[in-house]
Amino acid sequence: MLVPLDERPVCLDLPRRIAAIAGFRMEVPPPVARPDLRRGGDIGALTTWLDAALHGDGDDAAHAAVISLDGLGFGGLIPSRIGAESAAAVLARFDVLRDSAAPVYASIVVPRAPDAADDFEEPRYWAQWGPALHALSLELGGSPGGGGGGGGRTADIPDDVRADWLRRRLRQHVLALGAVGMVADGTLRRLFVGVDDAVPGSLSERDQMAIGEWIGRLGVTSRARVAPGADETGAVLTARAVGEQLQTRPSRIAVLAADPRGLDRVAPYETGPVGDTARAQLDSAGAELVEDPAEADGILLVHTPDGTRGDWAVSPPERTDTAAADATAALAASLVADGRTAVAVADVAQPNGADPALVRALARRGVLADLDGFAAWNTAGNTIGTAAAHLVTALAARRAGVFDGGASARLVRTRVIEDYGYMSEVRRQLRARIGSPVERHDRIEDVGGAAAFVAAALTDALAPLASAGIGKVTASDISFPWRRSFEIALSDTAGENA
């Protein structure tokens with residue numbers, strides 16, 4: 001059973017696709033219990049549905065439950081950012097998880113403080129005070145340059161705005177600590193505390209450290225993790241739930257990079273090295289980490305941050321490092337040809353999209369179709385967690401004899417189409433066509449026209465990948481979560497026929 005973070009495909013659909021690789025069916029809440037952007041889902045309907053699954057018997061009883069505590073407590077991610085509920089009221093909603101007959105794998109988010117005058121996903125005052133509140137996060141977090149950078153003066157923030165924002169952060173911190181307590185008392189089998197879009201020296205990093213300290217004090221470090229991420233946590237915990245249901249031994253996985261020094265770089269929107277992010281995501285997905293690739297069942301190959309300020313959503317790079325891309329593709333091809341280990345590729349060279357040079361190099365070398373995971377969307381935590389979940393699930397499913405190769409291939413294809421075809425190639429074309437500013441989220445008025453435009457543009461963008469078995473995407477394959485251009489949703493059959 002899944003209580004998603006929200007209704008976007010990466011939260012609602014990606015866990016289902018991960019479970020399908022091992023032949024599992026994932027039940028999701030009824031439509032009335034799901035959020036719709038800023039409107040939370042019906043908590044009463046959600047609790048009733050979940051209670052029957054966790055405490056009932058018969059065919060409707062859950063074997064395992066993957067729960068976003070933000071979804072359960074507020075009805076969705078954005079409602080958790082803008083809702084007025086008290087910590088006490090939300091903690092009471094978590095009580096439905098107690099005495100569950102099924103193991104519960106839960107996640108909760110440490111909230112972000114984006115450096116943008118954009119209230120699309122935030123309280124309405126973010127449109128005016130967002131950059132200043134971001135600077136305040138750095139000031140309160142103890143960043144050496146905090147308080148003066150970004151684009152806002154913290155001294156100008158009205159007292160009521162400052163107080164409201166800090167009360168919300170305090171509430172979310174209390175909820176995260178409450179979740180850690182639920183690990184300690186046995187209510188939760190596993191907890192992933194995801195740190196959403198943070199930067200070093202911010203209040204988010206301070207909160208991350210404080211939660212990690214309580215995890216250590218309570219002696220639950222083997223069952224709780226705090227690490228960069230948010231939207232991918234449902235998929236990561238699904239991988240762990242699937243592995244434990246199949247009762248196979250943990251997969252031994254090594255983290256590699258063509259340039260190992262790149263694993264020490266800190267990706268945008270995160271607070272620590274991507275190598276640490278990879279290890280945290282793999283551990284949360286249920287893998288056993290090994291240093292020696294010769295001892296590994298699988299390899300998580302990371303195309304590491306390039307160190308530039310390129311960002312496929314807000315500042316697309318004019319060119320990328322083709323030598324670095326060729327090196328990563330060559331290593332992937334070598335590992336696949338060796339045949340001893342499964343391979344997944346996590347491309348975090350730039351945030352919010354794939355490095356086109358890497359994808360084309362993987363296609364030229366005939367590697368894409370042989371991968372057990374590919375991702376390159378949004379933050380490094382989102383990308384790495386997706387690839388890790390896919391790889392861990394594929395390995396467990398093969399050992400148990402239930403691997404669905406078609407489901408695995410469809411997920412790789414979907415991520416390549418969106419992360420490379422749309423995010424890196426077509427999104428900027430759509431935004432130019434509809435006149436969307438890159439620094440703010442937009443609203444698509446003509447959804448049908450936008451889908452037709454994207455489908456035609458994807459035909460050109462995906463042409464170099466025909467040899468990899470990625471075919472045509474039609475307008476009927478495409479929809480727009482939250483009616484914005486930032487991401488697309490793809491049908492299961494998108495690009496199926498090369």
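Me: Before we start, what counts as a contact here?

Reply: A contact means heavy atoms within 4.5 Å. In this predicted model, residues 24 or more positions apart account for 79% of the contacts with a separation of 6 or more.

Me: What makes the radius of gyration agree with a compact globule?

Reply: For 498 residues, a compact globule would come out near 23 Å, and the chain has 21 Å, so the two agree. The C-alpha atoms fill a box of roughly 55 × 55 × 45 Å along the principal axes, and buried residues make up 60% of the chain.

Me: Let's look at helix α7. How do you know that α7 departs from a straight helix?

Reply: Compare the spans: a straight helix of 16 residues would cover 22 Å, whereas α7 (residues 126-141) spans only 19 Å between its end C-alpha atoms. There is also a kink of about 30 degrees in α7, centred on A132.

Me: What makes α7 "mostly covered"?

Reply: Buried means under 20% relative accessible area, and 12 of the 16 residues in α7 are buried. Among them are W126, W129, P131 and A132. The cover includes α8 (159-184) and α9 (203-217).

Me: Just past that helix, why is S143 called buried?

Reply: S143 has 18% relative accessibility, and the cut-off is under 20%, so S143 counts as buried. This residue lies in the loop between α7 and α8. Leaving aside residues up to four places away in sequence, S143 touches L138 and G201.

Me: On to charges. Why is the pair D196 and R81 called a salt bridge?

Reply: The limit is 4 Å between a side-chain nitrogen of Lys or Arg and a carboxyl oxygen of Asp or Glu. D196 and R81 are at 2.9 Å, N to O, so the pair qualifies. D196 lies in the loop between β4 (190-195) and α9, and R81 in helix α5 (residues 77-82), so the bridge ties together parts 115 residues apart in sequence.

Me: Are those two partners buried or exposed?

Reply: Both are buried, because D196 has 7% relative accessibility and R81 has 10%, each under the 20% cut-off. They also belong to a network of salt bridges that includes R112, E121 and R484.

Me: What makes D492 "partly exposed"?

Reply: Partly exposed falls between the 20% and 50% cut-offs, and D492 has 31% relative accessibility, so the label fits. D492 forms a salt bridge with R16, the closest N and O atoms being 3.2 Å apart. That pair links distant parts of the chain, 476 residues apart, with R16 in helix α2 (residues 14-21). R16 is partly exposed too, with a relative accessible area of 29%.

Methods. Residues are numbered from 1 along each chain as its sequence is written. This is a predicted model: local features need pLDDT of at least 70, side-chain atom pairs count only at pLDDT 80 or more; totals for chains, interfaces and linings use all residues. Side-chain values use heavy atoms; hydrogens and water are left out. Helices (H or I, at least four residues) and strands (E, at least two) are DSSP runs, numbered from the N terminus. The expected span of a helix is 1.5 Å times one less than its number of residues. The bend at a residue is the angle between axes fitted to the seven residues ending there and the seven starting there. Buried means under 20% relative accessible area, exposed over 50%, partly exposed in between (1.4 Å probe, protein chains only). The radius of gyration is taken over C-alpha atoms; the globule rule is 2.2 Å times the number of residues to the power 0.38.
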